[in-house]
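Thanks for making time this morning. I would like to walk you through one model, and I will keep to what can be read from its coordinates.

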Amino acid sequence: MLAIIGGTGLSRLADLDITRREIVRTPFGEPSGPLTFGKVGDAEVCFLARHGYGHTLAPHEVNYRANLWAIREVGARRVVAVNSVGGIAPALGPGVIAIPDQIIDYTWGRKHTFFEGPEAPVKHADFTHPYCAVTRKLLADAANRAGIPFVDHGVYAATQGPRLETAAEIARLQRDGASMVGMTGMPEAVLARELDLPYAAIALSVNHAAGLGDSKDAIQLDELQAVLDAGMRQVLRVLGAAVALHQDNA
Ligand code: HPA
């Protein structure tokens, strides 16, 4: 079964034939909400809204450990994350979908490992390639099948939020080699890796990052919603195709 973690603008899967909801308790506390199970055609999928179903959890308040643990607990074997991002690379203007292949983590103070505390063994997860290649290909194949254009790579910079970045911070991320910026990519990706859950992300650019393009003077937050709504409709089509493809290949 494929699991989907929805972000801003995607708190439920439209057209999903919901079969059940499950509240999962974990040793790390409560996930963002109940997991929703459903079918796309005859393929089963489980869905979790990262920010809670009422979008009440800020990026630094999300219990990423509980979310990933719960997803594995219910038997999901692959995870697709949806992230909305600010575009840094010129090719990632508002409305563009990307499948990132790298991450730089600028977050701090988040619970970012399962391997800590007196009882837990120390484990150093290999994270050279933070996203699963097979899952990235699944997303690319799904986007192609759905006829949705996308950029097939990119470096995701994970910032702490909830505030947006300064222009100087974005200039620094640009120098670091980042092509997009978001607030929820980490520690989600590494926690999936620690659990050996294949994980990849589909990112939707909803604005030019601070100081760039039409965000030169400010990020026009009131204009984001329309881009988010239109973009997420496309993301949903990719996800529908991904669920079916995952089932075919399982
Ligand atoms: N910065 C960080 N996170 C984001 C942005 C941004 O510009 N846009 C959407 N999520």
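**The largest pocket and its surroundings**

Let me begin with the lining of the largest pocket, where helix H5 gives the largest share, namely 4 residues. Please keep in mind throughout that this is a predicted model.

The space in that largest pocket comes to about 510 Å³. Its lining is made up of 24 residues, and those closest to the centre of the pocket are Thr8, Ser84, Leu164, Met183 and Leu224. If we ask which elements give two or more residues to this lining, they are strand E5 (78-87), strand E9 (180-182), strand E10 (199-208) and H5. In terms of residue character, the lining divides into 13 nonpolar, 9 polar and 2 charged residues.

Now to H5 itself, which covers residues 221-249. With 29 residues at 1.5 Å a residue, the helix should span 42 Å, and because its end C-alpha atoms are 40 Å apart, the model agrees with that expectation. Among the buried residues of H5 are Leu224, Leu228, Gly231, Met232 and Val235, and, further along, Leu245 and His246.

The last residue I want to show is His51, which sits in the loop between strand E4 (43-49) and helix H1 (64-73). Is His51 buried or exposed? Its relative accessible area is 5%, and since buried means under 20%, His51 is therefore buried. Leaving aside residues up to four places away in sequence, His51 touches Gly7, Thr8, Thr56, Leu57, Ala58, Pro59, Val62 and Thr184. Thr8, one of these contacts of His51, was also named among the residues closest to the centre of the largest pocket.

Methods. Residues are numbered from 1 along each chain as its sequence is written. This is a predicted model: local features need pLDDT of at least 70, side-chain atom pairs count only at pLDDT 80 or more; totals for chains, interfaces and linings use all residues. Side-chain values use heavy atoms; hydrogens and water are left out. The expected span of a helix is 1.5 Å times one less than its number of residues. Buried means under 20% relative accessible area, exposed over 50%, partly exposed in between (1.4 Å probe, protein chains only). Contact means heavy atoms within 4.5 Å. On a 1 Å grid over the protein atoms alone, a cavity is a set of points where a 1.4 Å probe fits but cannot get out, and a pocket is an open set with protein on both sides within 12 Å along at least five of seven lines; lining residues have an atom within 4 Å of a point. Grid points are joined across faces, edges and corners, and a volume is the space filled by probe spheres set on the points. Ala, Val, Leu, Ile, Met, Phe, Trp, Tyr, Cys and Pro count as nonpolar, Asp, Glu, Lys and Arg as charged, and the others, Gly among them, as polar.
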